[in-house]
Amino acid sequence: MLKQCTACAVDGIGPKPISEFRPSNRYRSGYETWCRQHKAQLAAKWRQENPAKSKLSEVRGSLKARYGISADEYQRMYHAQNGCCAICKRAVISQIAAAATASRKGKIDSAHVDHCHKTGRVRGLLCSECNTGIGYLKENAEVLQNAIAYLHSQKIKAPGAEGNA
């Protein structure tokens, strides 16, 4: 079965196999009016002309696909944590806010979604260092307790404090 792409017709290109079109219940034919190639070109042009909207859409889709949460749920968690990492309490920027400006200029890290890799349950928002640290410690509280005990046994203090080991 063949279908004529609206954009291809303008370019003087004839009908294409139906497999070249994305299914869509918005049209009587059951398929998009533009072929995949032209639809991709249109999307790329839109992303280039609308970087902030494009990034915001990407972040929203990623939150839903990866963690099963909406942008609103993410924002509620962000505000409940007062815009800070749940572990170190350092200020972090919302991924939604960062996406809205389409840039990550500045020194503030974005708030990463922390989740249990076994259950998928979202636990909170962390800075990249704390999120990475939990990962390196294999999300294991016992390993973390051992690390704390080790630090205490070595009498390691904050940088700049007297008596650092």
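1. Helices α2 (residues 36-49) and α3 (residues 51-67) pack with their axes 5 Å apart, at an angle of about 110 degrees. The two are therefore roughly perpendicular (65 to 115 degrees). Axes here are lines fitted to C-alpha atoms over the stretch in contact, and angles between N-to-C directions run from 0 to 180 degrees.

2. On the α2 side of the contact (heavy atoms within 4.5 Å) are W46, R47, Q48 and E49, which meet P51, K53 and S54 of α3. These residues divide into three charged, two polar and two nonpolar; Trp and Pro count as nonpolar, Arg, Lys and Glu as charged.

3. This is a predicted model, in which local features need pLDDT of at least 70 and side-chain atom pairs 80 or more, while totals for chains, interfaces and linings use all residues. Numbering starts from 1 along each chain, and side-chain values use heavy atoms, without hydrogens or water.

4. The count of disulfides (cysteine sulfur atoms within 2.5 Å) is zero. For C8, the nearest cysteine sulfur is that of C5, 3.6 Å away. C8 is buried (under 20% relative accessible area, 1.4 Å probe, protein chains only), at 0%. The sulfur of C88 lies 3.7 Å from that of C85, too far for a bond. C88 is partly exposed (between 20% and 50%), with 37% relative accessibility.

5. The chain has seven helices and four strands, taken as DSSP runs (H or I, at least four residues; E, at least two). Their order is β-α-β-α-α-α-α-β-β-α-α.

6. Of the 165 residues, 25% are buried. Carbon and sulfur atoms supply 55% of the roughly 11600 Å² that the chain exposes, by the Shrake-Rupley method with a 1.4 Å probe.

Key:
Parallel < 35°, antiparallel > 145°, perpendicular 65-115°, else oblique.
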